[in-house]
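Student: Hey, can you walk me through this protein? I'd like to know how to read it.

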Amino acid sequence: MTMRPGATPAPRSRPRAVRRPAPHTAAPAAFAALTTLALLGAAPAALAQASSATSASAVAAPTGTPGKPLRPCRVEGVPTEVLCGSLPRALDPARPDGVKIDIQYVVVPAMARNKFPDPVLLLAGGPGQSATALTASVLPRLSRLSYRRDLVFIDQRGTGRSAPLSCPDNASRSLDDLLQPGAKVKLLEQCRDSLKQLPYGDLRFFTTTIAMQDMDAVRAALGVERWNLIGASYGTRAALEYERQFPDRVRRSVIDGVAPPDMVLPVSFSQDGQRALDMTFSACAASPDCNARYPALKSEWQGLLKSMPRKVSFTHPLTGRPEEATLTREGLLNLVRPTLYAPHLVAALPAALHEASLGRFGALAGLAGQMGGGSRAMRIFEGMHFSVICAEDGPRIAGATDAPAADFGTVDRDLYARVCSGWPRGEVPAAFYDIPKAKTPVLVTSGGIDPATPQRHGQRVTEALGPQARHVVVNAAGHGVAMTLPCMRDVIYRFIDAPKDADALAVDTSCAKDVPRPPAFLPPTPATIAAAASAARESQR
């Protein structure tokens, strides 16, 4: 699951086939971090666009496909034609003649004529992220795999154009209004009531279990015997559930930043976020340069927490007008947590926290916004998000054993408990929370400083999967390893491309062993500027 605090709500999508996503007005990400829930994202921000060519004739729709045939189409950000398809599915699997929804998907055909028969299926994060919106972002990262394998992107029900469950964009409202206590819950309750009026608005039927049955129906419609799964963050939970239900349809799996089915997400956020923040303070204290610049960093942070709530000045991202808003403890934590997801952003966190301790919050808000809040690929369909979490995690919040951390406390637990108390709850089979032994190779990857899905979760899942699973921990990595680090993309390719299972499990991952943690960013001072100028003059003599 890709958990990313500060994700912006997805734009309202139309449940119809179009070739380009409808335009939207996106709030800048710093604003998103201030005003939205601590949601899970999926892919890292700022992914490059695709550059590989595709052939629109490389994949043919199988005879007798129950959905619409694959057709040439255009996807935003992809320079060449790909193939699009849709498959009608019952909203309620127990009522096959009842309300239908269309599951939309994109196939990027392999470039080679003699392609392999096992495609790669990307399972998006969130929960609530559109997989097809990731097409342009993911293509460059899977370019070697796409040479001889089709890539498949399926909008999970409730996302993209598969019966979308999106909440209104409240970006134009005042910051102070959106930051009022209880504002988030009230807006979500309004969204919930609106979604229930949709033709497919029975929110009980958007669970991961049902969604994976949709995925397998698409597999059958494409005439695929087995395929390879790549899931990040929430996509790892989806991958584990798909493999539980359809073990014979999986050839290889890569699960990156594992969010296991029995992980109570709103509760685990607290400990895992705290650990990442504490590691940031420790890294600064261990660095002579950082410690010299910010010797009281941790006490400055504690002072910030104790000063909440307080009036803070921000510039509204849409109107450009300065506004004064009351920043709460929850709002401050939601500014800090997004930064913890990416090591290159964490490097600037000490400086931003120091500035905030002096009453200047612009740097902290700007850092939080770098996690892709303005990117369409990073947007969350909040209705689907809560339909999944409230069914699968909500009933387990009260009995969760993770103790609240000192700083993050029960902020997320309390919020989700309130929202889920009134959210329609789907049925989840007891077996959903079990992880059977894997029949085929699984590569599990974890980031050592991940604030959402660190290695404690990946290790437990690896042990449950048994000898067919291998766990790789990259100590200096954050949320996202497999497709974030260039050398790990090559590892994925060799893991999936290996003809034999034993060779796949023995893939060399040493390239990621010594990836360094980025050093703390130290803003220039008059003394450092003078020293640099002096050094430049000396070099020119």
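Tutor: Sure, let's go through it topic by topic.

Tutor: This is a predicted model, where local features need pLDDT of at least 70, side-chain atom pairs count only at pLDDT 80 or more, and totals for chains, interfaces and linings use all residues. Residues are numbered from 1 along each chain as its sequence is written, and side-chain values use heavy atoms, with hydrogens and water left out.

Student: Okay, how many helices and strands are there in the protein chain?

Tutor: The protein chain has 20 helices and 13 strands. Helices (H or I, at least four residues) and strands (E, at least two) are DSSP runs, numbered from the N terminus.

Student: And how much of the chain is buried?

Tutor: Of the 541 residues in the protein chain, 57% are buried. Buried means under 20% relative accessible area, exposed means over 50%, and partly exposed is in between (1.4 Å probe, protein chains only).

Student: Which residues of α15 are buried?

Tutor: Helix α15 covers residues 382-392, and 11 of its 11 residues are buried. Among them are E382, H385, F386 and E392.

Student: What about α16, which residues are buried there?

Tutor: In α16, residues 411-420, the buried ones are D412, R413, L415, Y416, V419 and C420. They sit on the same side of α16 because they cover an arc of only 170° around the axis. That arc is taken from the directions from the helix axis to the C-beta atoms.

Student: Why do residues three or four places apart point the same way in an α-helix?

Tutor: An α-helix has 3.6 residues a turn, so residues three or four places apart point the same way.

Student: New topic. How many disulfides does a search of the whole structure find?

Tutor: The search finds 5 disulfides. A disulfide here is a pair of cysteine sulfur atoms within 2.5 Å.

Student: Can you show me one?

Tutor: C73 and C84 form a disulfide with their sulfur atoms 2.0 Å apart. The link is right-handed, with 75° about the S-S bond. It joins distant parts of the chain, with C73 in strand β3 (residues 68-73) and C84 in strand β4 (residues 82-90), 11 residues apart. Both C73 and C84 are buried.

Student: Why is the disulfide of C284 and C290 left-handed?

Tutor: The torsion about the S-S bond of C284 and C290 is about -95°, so that disulfide is left-handed. The sulfur atoms of C284 and C290 are 2.0 Å apart, and both residues are buried.

Student: And where are C487 and C511?

Tutor: A disulfide joins C487 to C511, S to S 2.4 Å. C487 is in helix α18 (residues 486-497), while C511 is in the loop between α19 (501-505) and α20 (526-540). C487 is partly exposed, with a relative accessible area of 22%, and C511 is partly exposed too, at 37%.

Student: How do the bonded cysteines pair up in sequence order?

Tutor: Numbered in sequence order, the pairing is 1-2, 3-4, 5-6, 7-8, 9-10.

Student: Let's go inside. Which residues have the most contacts in the largest nonpolar core?

Tutor: That core has 68 residues, and I154, I255 and L465 have the most contacts inside it. A nonpolar core is a set of buried Ala, Val, Leu, Ile, Met, Phe, Trp, Tyr and Cys residues joined through side-chain atoms within 4.5 Å. Helix α6 (residues 208-221) gives the most to this core, with 7 residues. Apart from it lies another core of 39 residues, among them V75, V82, L122 and V507.

Student: What does L465 touch?

Tutor: Leaving out residues up to four places away in sequence, L465 touches several residues, including L240, I255, I435 and V444. Contact means heavy atoms within 4.5 Å.

Student: Last one: how many aromatic pairs are there?

Tutor: The structure holds 5 aromatic pairs. Rings of Phe, Tyr and Trp (its six-membered ring) pair if their centres lie within 6.5 Å; planes under 30 degrees apart count as stacked, over 60 as edge-to-face and the rest as tilted. Y242 and F246 form a tilted pair, 5.1 Å centre to centre with 45° between the planes. Both Y242 and F246 are buried, and ring pairs link W227, Y242 and F246 into a cluster.
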